[in-house]
Amino acid sequence: MSSDAWLVDLKKEAASDLEKLGFPTRTDEDWKYSATDVFAKHALPKASTSSLVLDATHAYPAGVLVLPLLDACVQHADKIKPYLNHIMPQTHGFHAFNTANFQDGMFVYVPEGVQVDEPIRLLYTQTEAGVTRCLRHLVVAEARSSLVLVEDYGSEVHDAPYYTSVNTEIKLAAHAKVTHCKIQREGDQAFHVGEVAVEQAADSRFESHSVSLGGQWTRSDTVIKLCEPGASCLMNGLYTPTDSQHVDHHTIVKHTVPNCTSEQDYKGILNGRARAVFNGKVQVSHGAQKTEAKQYNKNILLSSKAEVDTKPQMEIFADDVVCAHGATVGQLDEDALFYLATRGIEAELAKHYLVQAFLTENIRSIAPACVRERVASLLVQHVEQDA
């Protein structure tokens, strides 16, 4: 039996699950605002080449592994098997499709007590039109370790459809810290479906920064399970769809034990005929006392034809908790626009100032500074192009 036979079996099992599960439809509550039948219009073959690049200009500390996942499945199976496809259970067809078909992806492993100071950057640039590409990443941060991971999805294809499927599984041991930033700036006709699934041990810290700028139809899920006391997480999201873009964010934080904290703050700016969906859920289990959870979604509509469907949810089965949630959908402050106009600032420039002010707090929460500056630059460019 070959050393990667277990991986072959995993993919076969996922293909079987896909036949059983099928892809979700609007009859599924979590997909009611995002019609998946758009994929049926495009029978896209697998991509023939890899477009995933590790942007590394420095050496990593001893013991750190950053290598293609398929190679790691052979060379480091003992570090892969306990986590791959276990952190992210296959609950719908998009999960199974990715597991059965992933071609690219990276394995990142940080040993106990090791801090990786420089961000690990995974750069993906789509160069083929009319293809499907599936990527899978696995990140394991051992006790008291830390790292910053940036996933950046861009494209040279803007006049033809293609499909990107990407799933990322992240495991944090006790006292580990992981900062994860995903930048989605796919082509104008791209379909992008991705999920980040996280499991956290005691006193670990996970920070998620999700930035969605491109794509014709995108779905981005983040699911975090707080498994031991003292775990905390931040989920920070920014999205700026325009024209007829459709962007859907679903988040779930599972508070399964006492004394954990979570914070979600997603902000969207919509223009044209864009549509955004936000469904955030906090689940507080029986016995998960001393939970602190906050969840907010705020949106600004720059067009009367833009639309937002927002649904923050909390399912609480404990009585000693501090939980809050809310959502807003509105337009730019007319009084603020008038005030800026009286100071001689043109309407479009005033609009840009207010848009940037709306996003500033979320941008400031991104660390380290090099990642924050990159995100800020991309957002400014996107807003200016949309003017």
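Student: Which elements do the buried residues of α4 pack against?
Tutor: This is a predicted model. Helix α4 spans residues 93-101, and 9 of its 9 residues are buried. Among them are Phe 94, His 95 and Phe 97. The buried residues of α4 pack against α1 (5-21), β5 (132-141), β7 (162-172) and β9 (190-200).

Student: Which residues have the most contacts inside the largest nonpolar core?
Tutor: In soluble globular proteins, nonpolar side chains tend to be buried together. Here the largest nonpolar core has 43 residues. Those with the most contacts inside this core are Ile 120, Leu 147, Ile 170, Phe 206 and Leu 270.

Student: How many residues does the second, separate core have?
Tutor: Besides the largest core, there is a second one that is separate. Its members include Ala 77, Ile 87, Tyr 109 and Val 140. The number of residues in this second core is 32.

Student: Which residues is Lys 79 in contact with, leaving aside its neighbours within four places in sequence?
Tutor: Lys 79 is found in helix α3, residues 77-80. Its relative accessibility is 23%, so Lys 79 counts as partly exposed. With the neighbours within four places in sequence left aside, the contacts of Lys 79 are Leu 65, Phe 107, Tyr 109 and Val 140.

Student: What distance separates the C-alpha atoms of Lys 79 and Val 380?
Tutor: Along the chain, Lys 79 and Val 380 are 301 residues apart. In space, their C-alpha atoms are separated by 40 Å.

Student: Which are the edge strands of the open sheet?
Tutor: The open sheet is formed by 9 strands with mixed pairing, in the order β1-β4-β6-β8-β10-β12-β14-β16-β18. An edge strand of this sheet pairs on one side only. The edge strands are β1 (52-55) and β18 (321-330).

Student: Which residue in β14 is the bridge partner of Cys 233?
Tutor: Strand β12 (residues 232-239) and strand β14 (residues 261-270) run parallel and are joined by 8 bridges. In β14, the partner of Cys 233 is Ser 262.

Student: At what angle does helix α6 run to β14?
Tutor: Helix α6 covers residues 347-364. This helix lies across β12, β14 and β16 (291-301). Its angle to β14 is about 155°.

Student: Why is Cys 227 not bonded to the closest cysteine sulfur, in Cys 260?
Tutor: A disulfide needs two cysteine sulfur atoms within 2.5 Å. The sulfur of Cys 227 is too far from that of Cys 260 for a bond, because the distance is 8.7 Å.

Student: How many disulfides does the count come to?
Tutor: Cys 323 is in no disulfide, and its nearest cysteine sulfur, that of Cys 260, is 12 Å away. By the same 2.5 Å cut-off, the count of disulfides comes to 0.

Student: Is Asn 85 buried or exposed?
Tutor: Asn 85 sits in the loop between α3 and α4. Its phi is near 70°, a positive value in a residue other than glycine. Buried means under 20% relative accessible area. Asn 85 has 16%, so the residue is buried.

Student: What is the phi of His 175?
Tutor: His 175 is placed in the loop between β7 and β8 (177-184). At 48% relative accessibility, His 175 counts as partly exposed. Although His 175 is not a glycine, its phi is positive, at about 65°.

Student: Where is Pro 368?
Tutor: The peptide bond from Ala 367 to Pro 368 is cis, with omega near 0°. Pro 368 is in the loop between α6 and α7 (369-385).

Notes:
Residues numbered from 1 in each chain as written. Predicted model: local features only at pLDDT ≥ 70, side-chain atom pairs only at ≥ 80, totals over all residues. Heavy atoms only, no water. Core = buried A, V, L, I, M, F, W, Y, C linked by side-chain atoms within 4.5 Å. Buried < 20%, exposed > 50% of the residue type's maximum accessible area, 1.4 Å probe, protein only. Helix = DSSP H or I, 4+ residues; strand = E, 2+ residues; numbered from the N terminus. Contact = heavy atoms within 4.5 Å. Pairing = 2+ DSSP bridges. Axes fitted to C-alpha atoms, helices over the stretch in contact; angles between N-to-C directions.
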